[in-house]
Amino acid sequence: MSSQSFFELHNLIKNDTKKEDTNMRRSISTEERLAVTLRYLATGCTLTELHYSFRIGVSTLSSIIREMCKAIWTNLRITYMPEPKQEDWLKIADTFLNVTNFPNCIGAIDGKHIRIVKPAHSGSLYYNYKHFLK
């Protein structure tokens, strides 16, 4: 992620995630909170690995990541994942029908093998590449 993209994202969520300093401690900055969250989401590393990399407690990391993900979702979902309207669903279903010959389908999950009964006289159209036995 470029630094420009990072700071654009930071500017969108900083008001929702800002914490105040107290006499007892300084709060973790919103930049560092976002960096920790993005590292966790991008690499899939454990909280223990992040603990050693960022020198933040595991339980604190857990709450930071949860809070930052919620802020990202709240602030970006309307722009980047608007709720589809009926026309959008119909267009998606029509595209699936044209491309895959599956009627009334609005989504697919990659890598999941779904066992179906092979239609009679379909030849190699429904060949099982995963080698499941009946």
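When I give an angle between two helices, I mean the angle between their N-to-C directions, on a scale from 0 to 180 degrees, with axes that are lines fitted to C-alpha atoms over the stretch in contact. With that settled, here is the structure, which is a predicted model.

I start with a pair of helices. Helix 1 and helix 4 pack at an angle of about 115°, and their axes are 9 Å apart. The crossing of helix 1 past helix 4 is right-handed. On the helix 1 side, the residues making the contact are Leu9, Leu12, Ile13, Asp16 and Thr17. On the helix 4 side they are Glu67, Met68, Ala71, Ile72, Asn75 and Leu76. By type, the contact residues of these two helices divide into seven nonpolar, two polar and two charged.

Next, the core. The largest nonpolar core has 16 residues. Ile13, Leu34, Val36, Leu50, Ile56 and Ile72 have the most contacts inside it. Which helices supply at least two residues each? They are helix 1, residues 3-17, helix 2, residues 30-43, helix 3, residues 47-54, and helix 4, residues 58-80. The largest share, seven residues, comes from helix 4. Two of the names you have just heard, Ile13 and Ile72, also belong to the contact between helix 1 and helix 4.

Leu50 is a useful residue to look at within this core. Setting aside neighbours within four places in sequence, Leu50 is in contact with Val36, Arg39, Tyr40, Cys45, Arg55, Leu61 and Ile65.

One of those partners, Arg55, sits in the loop between helix 3 and helix 4. Is Arg55 buried or exposed? Its relative accessibility is 77%, so Arg55 counts as exposed, the cut-off for that being over 50%. Its backbone deserves a remark as well. Most residues other than glycine have a negative phi. Arg55 is not a glycine, yet its phi is positive, at about 60°.

Now compare another arginine. Arg33 lies in helix 2. Arg33 counts as buried because its relative accessibility is 5%, and the limit for buried is under 20%. What does Arg33 touch, not counting residues up to four places away in sequence? The list is Thr17, Lys19, Ile28, Ile64, Glu67 and Met68. Among these, Thr17, Glu67 and Met68 are also part of the contact between helix 1 and helix 4.

Back in helix 1 we find Asn11. With a relative accessibility of 43%, Asn11 counts as partly exposed. Asn11 and Ala35 are 24 residues apart along the chain, and their C-alpha atoms are separated by 13 Å.

That leaves helix 5 and what follows. Helix 5 covers residues 86-100, which is 15 residues. Does its length fit, or not fit, the count? At 1.5 Å a residue the helix should span 21 Å, and its end C-alpha atoms are 21 Å apart, so the two values agree. Just after helix 5, Asn101 takes a positive phi of about 65°.

In the segment after helix 5 there is another residue with a positive phi. Asn104 is found there, and its phi is about 60° although it is not a glycine. Asn104 has a relative accessible area of 76%, so it is exposed.

Cys105 is in the segment after helix 5 too. Cys105 has a relative accessible area of 18% and is therefore buried. Leaving out residues up to four places away in sequence, Cys105 touches Ile92, Ala93 and Phe96. Its C-alpha atom is separated by 28 Å from that of Thr74, which is 31 residues apart from it along the chain.

Last, Arg115, again in the segment after helix 5. With a relative accessible area of 58%, Arg115 is exposed. Arg115 and Thr95 are 20 residues apart in sequence, and 23 Å apart in space from C-alpha to C-alpha.

To recap: four helices, helix 1 to helix 4, each supply at least two residues of the core, and helix 4 gives the largest share. After helix 5, Cys105 is buried, while Asn104 and Arg115 are exposed.

Conventions
Residues are numbered from 1 along each chain as its sequence is written. This is a predicted model: local features need pLDDT of at least 70, side-chain atom pairs count only at pLDDT 80 or more; totals for chains, interfaces and linings use all residues. Side-chain values use heavy atoms; hydrogens and water are left out. A nonpolar core is a set of buried Ala, Val, Leu, Ile, Met, Phe, Trp, Tyr and Cys residues joined through side-chain atoms within 4.5 Å. Buried means under 20% relative accessible area, exposed over 50%, partly exposed in between (1.4 Å probe, protein chains only). Contact means heavy atoms within 4.5 Å. A crossing is left-handed if the near helix is turned anticlockwise from the far one by less than a right angle, and right-handed if clockwise. Ala, Val, Leu, Ile, Met, Phe, Trp, Tyr, Cys and Pro count as nonpolar, Asp, Glu, Lys and Arg as charged, and the others, Gly among them, as polar. The expected span of a helix is 1.5 Å times one less than its number of residues.
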